[in-house]
Amino acid sequence: MNQPSRTPGSNHNLYSALRAAFPQALDSVAVETDNGLFYTWRDLDRASAMVANLLASLELPTGSRIAVQVEKSVEALVLYLATLRAGFVFLPLNTAYQSAEIEYFIGNAEPAVVVCTGKNFGWVSKIAFKAGTPYVFTLNDDRTGSLLERAAHCSDVHAVVPKVADDLAAILYTSGTTGRSKGAMLTHGNLLSNAKVLKSYWGWRSAAQGGDVLIHALPIFHVHGLFVAIHGALLNGSKMIWLSKFDPKLVLQKMPQATVFMGVPTLYVRLLAEPGLNADVTRNMRLFIAGSAPLLIETFTEWQTRTGHTILERYGMSETTMLTSNPYDTAQGERRGGTVGFPLPGVSLRVMDEAGTPVVPGEIGGIEVKGPNVFKGYWRMPEKTAEEFTADGYFKTGDVGRIDARGYVTIVGRSKDLIISGGYNVYPAEIEGYINELAGVMESAVVGIPHADFGEVGVAVVIAKPGATVVPTQILASLKAKLANFKIPKQCFVVTELPRNTMGKVQKNLLRAQYGGS
Ligand code: MLC
Ligand code: AMP
């Protein structure tokens, strides 16, 4: 909804800014992988030029979406960079999504190109061709697949396609509390402004100051791993230690060579379970950043005790990238566990009551935000977009929180019915929809309960139709066949009635207390 400035003739392509930050020594290592490969900055530039030339050769319409569901690899990163520099719109998809989910995303986004793994080509290409996608390529995590085969014939010289700040760079699907997922449209201006702010706010060190090395252990289909981590390292010309999957032992093994780590709280919980986590192994680390889900105060303090480092917690969303952060610079204040810190420079954040009036400091209300990082709207959903913005241009996050007298923001809950499990969002309405369609089911309610590893997990409470018998294990097995694995409730209970208020609405708070013990 915000309108970044348009300067005629100037190029706001995010790739140009990232490329300009590459170190002069283009043959130094940009990415080191967990299977012993080393990619130089020149490799990233040339490989992304080749893939960009391949995309350009397809003569796609301006604004074409490139939908990508592949395992994490440096080539997948190259495809992202190539999409940016060729001026198309990157649409990353969680590798856990199954056919019904992929069918929806492809049908809704109408991508011109779909890239999937060779293993999934059969079913993904069928969906894509049926939806009218002209090109389906494969890309595997061992540097094979038709995308690279075709790109190998393309030139490694490519002129970055000029973009204005308001042009789309990516669409990230985020599930809706009711109905289907919405595609959050992020522009080159949104992403670059946020990356620049974080570079300065988190004190990324220049080469002259000793530089930084990031351990990249997150998936690359969400804001955290794709934008915050990758842009952070590239915009600083910093090397990444690239782990295809989070493995706490491997992270600890690499830690002495690194200075920055980013993770969802589950990653910190799992690292704390490693006896090898101590002050010695973290001795060269400058910064540990956590976000995407609430970080428990126990995790925050245990991390301090074990390593001597204070985790910096920040808060963001697919629609906005990063919004707030605890301070890096101690002169601005301490990093306060349980809070998500201050609104980032350029971000206006306010807490509103239900009547749409700002609450007094310390009071709880709905968090609303505005800034150059806030997305352009939901893909082909103007009404939904209008609903989520206030008349004066603030985006309603659906998070509930407060700001204290010193300006620290604390998130206390969510007005949206959402479970965040291990950093992934699970919308109860979506799961309930699938359960209610199963034979013998009359009604269901899915709620989030506390979980030591994932922070929160889903539990399904189901009522059978009169005379029908439903078996919890069968319900879970049926869901597993249709939905991404992280969305499957960890437990299922069959009951005879659901608690309701006088309006007839299911009282999910009572279910959470009953099944989660809170
Ligand atoms: C895996 N499983 C999960 C799960 N991840 N269950 C619930 N929640 C999760 N997040 C289940 C699988 O279904 C499977 O069950 C079993 O665990 C093993 O699967 P796996 O894939 O081997 O799991 P693992 O590799 O251990 O993955 C856990 C994880 C992963 C924590 C490493 O979930 C992860 O990378 N999370 C990070 C998500 C992230 O990047 N979020 C950022 C969003 S951006 P079964 O029964 O099938 O065997 C955002 C904005 C912001 O929110 O502010 O950053
Ligand atoms: P997503 O749609 O995947 O981008 O998830 C965004 C949501 O994650 C936000 O609206 C918050 O509810 C939640 N979130 C992100 N960071 C934090 C944090 N540090 N603490 C609590 N919740 C967070």
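What follows is a chat between a colleague and a modeller about a predicted model with its two ligands.

Colleague: Let's start with ligand 1. How many residues surround ligand 1, and which are the closest?

Modeller: Keep in mind that this is a predicted model. The shell around ligand 1 divides into nine nonpolar, nine polar and five charged residues. The closest are K245, R270, S292, R314 and S421, and the residues that surround ligand 1 number 23.

Colleague: Which helix gives the most to that shell?

Modeller: Three elements each supply at least two residues of the shell around ligand 1: α8 (223–234), α10 (265–272) and β13 (312–317). The one that gives the most, with three residues, is α10.

Colleague: How far is a polar side-chain atom of R270 from an oxygen atom of ligand 1?

Modeller: Ligand 1 has backbone partners too: a backbone N or O atom of G422 lies 3.0 Å from a nitrogen atom of the ligand. G423 also places a backbone N or O atom 3.0 Å from a nitrogen atom of ligand 1. For the side chain of R270, the distance to a ligand oxygen is 2.6 Å.

Colleague: And what share of the accessible area of ligand 1 does the protein cover?

Modeller: A polar side-chain atom of R270 lies 2.6 Å from an oxygen atom of ligand 1. On its own, ligand 1 has 1000 Å² of accessible area, and the share that the protein covers is 76%.

Colleague: On to ligand 2. Which strand gives the most to the shell around ligand 2?

Modeller: There are 17 residues around ligand 2, and R314, S318, D399, K416 and N425 come nearest. They divide into seven nonpolar, five polar and five charged. Two strands, β13 and β20 (409–414), each supply at least two residues of this shell. With five residues, the strand that gives the most is β13.

Colleague: What percentage of the area of ligand 2 does the protein bury?

Modeller: Look at the polar atoms around ligand 2 to begin with: a backbone N or O atom of S292 lies 3.1 Å from a ligand nitrogen, and a polar side-chain atom of E313 lies 2.9 Å from a nitrogen atom of the ligand. D399 brings a polar side-chain atom 2.6 Å from an oxygen atom of ligand 2. Taken alone, ligand 2 exposes 500 Å², and the protein buries 92%.

Colleague: Now away from the ligands. Is N94 buried or exposed?

Modeller: N94 lies in the loop between β4 (89–92) and α4 (99–109). Beyond residues up to four places away in sequence, N94 touches Q69, F221, H222, Y424 and F486. Its relative accessibility is 3%, and anything under 20% counts as buried, so N94 is buried.

Colleague: How far apart in space are A17 and L234, C-alpha to C-alpha?

Modeller: A17 sits in helix α1 (residues 14–20). Leaving aside neighbours within four places in sequence, A17 is in contact with L192 and L235. A17 and L234 are 217 residues apart in sequence, but their C-alpha atoms are apart in space by 9.3 Å.

Colleague: Salt bridges next. How many residues apart in sequence are the parts that D45 and R85 tie together?

Modeller: The structure holds 29 salt bridges, and D45 with R85 is one of them, the closest N and O atoms being 3.0 Å apart. D45 lies in helix α2 (residues 41–57) and R85 in helix α3 (residues 74–86), so the parts tied together are apart in sequence by 40 residues.

Colleague: In the salt bridge of D166 and K376, which residue counts as partly exposed?

Modeller: Their side chains meet at 3.4 Å, N to O. The pair links distant parts of the chain, with D166 in the loop between α6 (146–151) and β7 (168–174) and K376 in the loop between β17 (365–370) and β18 (377–378). D166 is buried, with a relative accessible area of 5%. At 30% relative accessibility, the partly exposed residue is K376.

Colleague: Last one: where does K487, the salt-bridge partner of E430, lie?

Modeller: The side chains of E430 and K487 meet at 3.1 Å, N to O. E430 lies in helix α13 (residues 428–436), and K487 is 57 residues away in sequence, in the loop between α14 (472–480) and β25 (491–495).

Technical notes:
Residues numbered from 1 in each chain as written. Chains lettered and ligands numbered in written order. Predicted model: local features only at pLDDT ≥ 70, side-chain atom pairs only at ≥ 80, totals over all residues. Heavy atoms only, no water. Near = heavy atom within 4 Å. Polar contact = N/O pair within 3.5 Å; in protein donor to acceptor, adjacent residues only side chain to side chain. Areas by Shrake-Rupley, 256 points an atom, 1.4 Å probe, with all protein chains shown as cover. Helix = DSSP H or I, 4+ residues; strand = E, 2+ residues; numbered from the N terminus. Nonpolar A, V, L, I, M, F, W, Y, C, P; charged D, E, K, R; others polar. Buried < 20%, exposed > 50% of the residue type's maximum accessible area, 1.4 Å probe, protein only. Contact = heavy atoms within 4.5 Å. Salt bridge = Lys/Arg side-chain N within 4 Å of Asp/Glu carboxyl O.
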